Amino acid sequence: MIDTAAVTMAFANLFDPFTMMLLVVGIVLGLIVGILPGLGPPIAIALALPFTFYMDAVPSLILLLAIYNAAIYGGSISAVAVGIPGTGAAIATVLDGNAMFKKGKGGEALGLSLTASIIGGLVSVVCLAFLAPLLAQVAIKFGPREFLAISVFGLVVVVRVAGASLFKGLLVGALGIFLTTWGLDELNGAERYTFGTYHLYEGLPLVPFLVGLFAISEVLIGAEKALHKIEFNQESLKVTLPGMKMLKRLKGNLMRSSLIGTVIGIIPGEGAAVGAFFAYSEEKRRSANPEAFGTGIPEGIVAPESANNATVGGALIPTLTLGVPGSPAAAVLLGAFLIQGLAPGPTLFEERPDIMYSLFLGLFVINILMLFIGLVMIRFAAKLIMVPMTVIVPTVLLLSFTGVYAVSNSLFNVGVLLGAGVLGYVVRKLGYSIAPLSIGFVLGPILENSLRQSITLADGSVGEFLNTPIGLGIYAALALTIFWGPAITWVKSRNAGKVEDS
Amino acid sequence: MFSQRLANIVFMVLTLAGCIYFAKIAQGFEAAGLMASSGLPSKFFPLLMLGLIALCAIIVFATYVIKGTASDKDEGTLYASPLEAFRGLLTLIAVIAGYFIWSTWGYLAMAVFIGPATCLAMGVRSPAIYATVLVLAGSVYLIFTQLLGTQF
């Protein structure tokens, strides 16, 4: 049942002039940050977080969603224009986008990426608006055992996709969870790793930790290559939107890729980059002319671009309904909810449906406005690629320091930011992904509380511990995601062996 | 510059040492009063995570010692060149110094220091970049103090 009063309130909230202004500002900022190589959506959201401290819930969340959405699209502009993806999500776009740019069809490539991003975004918003309330209705019945299963699922999936080594991913994931055990024990008040300071009674603060992990570590890595120069041809930047004939030709690709992106976004940790690559390889597999991919064809641009923007709506489904972030950017977005005193999860749909509907409507409007703002801004924004890293590094550092302090008026939190930044830098240099670390840090408290409550409820009985049909379903899905790939490979190799024998 | 193999082996040794240290601290966790007897002890979950971290660290350690790499390909070195290592580590030192300058002499001193110091660490020679960074630092200060009312 749609709550009409909540929908009416959502319209009123969203079309408030201040909120609309923030929505536009968010799109512009997101585009700018997305274009700058190295600064992806999590960093963009993290840097804007301190400003939302002074705002109401709806305008602040709309600002961050606009930044999130536009930053993912913004990454494709530098991917097309200079072959350097502004974000990880745009890596697949480089292949055909930059090839098209080099052929002198840069405007066409930029138009295709803009259109595909918007279509992908809109499809995922529709899925979000329909699926999230349904999932919330189911999730409201979840107890500790179900939340434990969901948390384990989220973490294991993140670890699996995070890098080449499973154990390295698991190690940093467990490290992220371990760090959430610092502070007073929520269940019995024991002091854990407080080291005699009252600052740690509430544990390590989420926002400074995530800002440090993403922003500080990124700029430290960027500082190493700060003097590398970027050169690109500024002509061929006039955007040409694809005509109806072209859209008709690409409609199957657009729909498939948007749905792939949405589904991959829903799976915790499988971010926009995975969605984009998956959609790209799927279209290449289906194509009658796969060797043309990578040479600069429209199909190779619309597939990754529609999929990566579709992951935004997808990632918000588990984030809003279960409090389990669907991506690192969504993990940072969770921090914004907490700043506003809101705890994402099934109860939020019951308690504040107006906010939920405002977010759905807001995402829809963001995608529509991005078309117009993108058309006007691309030509100017693309020149930002020339901003040297030597200016970006100190500015982002100062913004992070100042922003984190502004949220809490605590120098201790700046210390946490710095510590998390150094930790992020070290693990990234050693070849670890920070995605499991960040998701582990967000999921840690849910995992600990649900595990301890489940063990207490089970009272020593394994049968009782697993007496949860939903939980068993989630564990089965987890087993499927782990063993499906190896099983298919094994069957294929077996069949290949039989063919050779015959 | 610094092989991934050696760096990861050292990191795993430090991780294992850290696990032992934190596990020892966890032995001293005590719940207050009546709550002490309710449910699982407070040390249960941290020890579980430390055990998992230690297990993974041992496996990664063994992988690097025996195979030399944790993936299918050669992981190479931590830094592409000594110059990149120098710039990266010097920037890190500048950032840490910035924090201590803030805690000792206040925010303004840090804001003036951190931009030029990181530029110096990155090997910037252009005065225009230094000027731009200082102007941007001034803008950040003004935005937070005048627009958001932050007090440093």
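**Close-ups of a predicted two-chain model**

**View 1. A:Phe372 sits in helix α14 of chain A.** Helices here are DSSP runs (H or I, at least four residues), numbered from the N terminus. This is a predicted model, where local features need pLDDT of at least 70, side-chain atom pairs count only at pLDDT 80 or more, and totals for chains, interfaces and linings use all residues. Residues are numbered from 1 along each chain as its sequence is written, chains are lettered from A in the order in which they are written, and side-chain values use heavy atoms, with hydrogens and water left out.

**View 2. A:Phe372 has company in a nonpolar surface patch.** Its partners are A:Val126, A:Phe130, A:Phe364 and A:Ile368, and together the five have about 500 Å² of accessible area (Shrake-Rupley method, 1.4 Å probe, only the protein chains shown count as cover). Patch members have over 30% relative accessible area and no salt bridge, with nonpolar side chains (Val, Leu, Ile, Met, Phe, Trp, Tyr) joined within 5 Å. α5 (91-139) and α14 (353-381) of chain A each chip in at least two residues, and α14(A) gives the most, with three.

**View 3. Here's where chain B meets chain A: 71 residues from B and 63 from A are in contact (heavy atoms within 4.5 Å).** The two chains bury about 5,600 Å² between them, 79% of it on carbon and sulfur atoms; buried area is the accessible area (1.4 Å probe) that two parts lose on being put together, summed over both. Looking for salt bridges (a side-chain nitrogen of Lys or Arg within 4 Å of a carboxyl oxygen of Asp or Glu)? The count between chain B and chain A is zero.

Notes. Patches are made of residues with over 30% relative accessible area and no salt bridge: like charges are joined within 9 Å, nonpolar side chains (Val, Leu, Ile, Met, Phe, Trp, Tyr) within 5 Å.
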